[in-house]
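Colleague: I have a structure open and would like to learn how to read it. Could you walk me through a few features?

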Amino acid sequence: NKAYELAELVDLAERLNPETRLAWSHAKEAAAAVGLAKSEYYPLLALKASAQSARLPEPIPLTAEKVGYMDLEAQELCPMATLEWVLLDFGRRAADVRAARARLLAANLGFNARHQVIVFKVQTAFYQLSSLIGRISATQASLDSSSKIQEAADERFKNGLAAAPEVSRARQLAAQAAFDLEEALAKERDAQVALAESMGVLPTTPIRIVEFSRLALPSRMEETVEQFIDRTLEQRPDLLAKVAALRAKDAEIRRAKSVYLPTLAFRGEAGHAYERSQMELIGPTSPWASNDQTTWGVGLFLTWDLFDG
């Protein structure tokens, strides 16, 4: 039974409309993309492990008429940690970060723009419903007046003080007023549905609003039309989002150009090797020989794709 003011309806729409949640999810997705782009500046640390067992028989010519073979059996286990860090890529990662930040700005502005669209829809539906409520009051008053005029005309006609055309005209006005009232009531139901849809709630939800006549109107315009247009061009989030999207495209172009340049990376690895092997050479078999040593390696790697078709 609560009668809602416009500000209360806008607040409900911003919290209940699923479009705002969808826009907020897009903004969070863009924020995560910025984090992913920044993560390319960090080194990559990985753990690796390999285990294998192999037997390699190889034929060996002993003389021109006699042959033999060497049979080598080996087992190996190598756990290892590797570190790779791209030191120089001529702006490739920086372009990715700039593009991601521009897309994040566009997503945030899109979130604001979605709120503005919802607020505009709620305001439009609210004022349409308010005007229809006022129209219903006016048509109801017109119907009451027309009904009284019709009753008076009928009474005068019975007493011989009015002509038939006058009575017909009074009945016509009363019928027209009744039709206008029913039309306004039907449009009011449509306006109720439009208001509920703009808020993101079920269309069957009944919503009572404060009468339009109780709302205070501004006494004067605070800005000129030219000032309002300039402020709109500076603050409209949909226009600013298009600028951010343009910056993202520029960053993607710079990133595409940087692919033609080389990359310099540091790579290091450290691990441990557990190995053992034995060999059979034309008869006797050697005992197992084992190895338990630390392995490592570091270096700088320059990669430059010179031709890719």
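Colleague: Let's start with one residue: does Val 67 count as buried or exposed?

Modeller: Bear in mind that this is a predicted model. A residue counts as exposed when its relative accessibility is over 50%. Val 67 has 67%, so Val 67 is exposed. You will find Val 67 in strand β3, residues 67-88. Setting aside neighbours within four places in sequence, Val 67 touches Ile 60, Pro 61 and Leu 62.

Colleague: Thanks! Now helices: at what angle do α1 and α4 cross?

Modeller: Angles that are neither roughly parallel, roughly antiparallel nor roughly perpendicular count as oblique. The axes of α1 (residues 6-16) and α4 (residues 164-199) cross at roughly 50° and come within 8 Å, and the two helices are therefore oblique to each other. On the α1 side, Leu 9, Leu 12, Ala 13 and Leu 16 make the contact, meeting Leu 195, Ser 198 and Met 199 of α4. By type, these contact residues are six nonpolar, one polar and no charged.

Colleague: And which residues of α6 are buried?

Modeller: Buried means under 20% relative accessible area. In α6 that applies to Pro 237, Ala 241, Ala 244, Ala 248, Ala 251 and Ser 258. They lie on the same side of α6, because their arc around the axis is only 85°. Among the elements covering them are α3 (92-158) and α5 (225-235).

Colleague: What does the face turned away from the buried side of α6 carry?

Modeller: That face has the exposed residues Lys 242, Leu 246, Lys 249 and Lys 257. As for length, the 22 residues of α6 (237-258) reach 31 Å from first C-alpha to last, close to the expected 32 Å.

Note on methods
Residues are numbered from 1 along each chain as its sequence is written. This is a predicted model: local features need pLDDT of at least 70, side-chain atom pairs count only at pLDDT 80 or more; totals for chains, interfaces and linings use all residues. Side-chain values use heavy atoms; hydrogens and water are left out. Axes are lines fitted to C-alpha atoms, for helices over the stretch in contact, and angles run from 0 to 180 degrees between N-to-C directions. Helices (H or I, at least four residues) and strands (E, at least two) are DSSP runs, numbered from the N terminus. Angles under 35 degrees count as roughly parallel, over 145 as roughly antiparallel, 65 to 115 as roughly perpendicular and the rest as oblique. Contact means heavy atoms within 4.5 Å. Ala, Val, Leu, Ile, Met, Phe, Trp, Tyr, Cys and Pro count as nonpolar, Asp, Glu, Lys and Arg as charged, and the others, Gly among them, as polar. Buried means under 20% relative accessible area, exposed over 50%, partly exposed in between (1.4 Å probe, protein chains only). The expected span of a helix is 1.5 Å times one less than its number of residues. The arc is that of the directions from the helix axis to the C-beta atoms.
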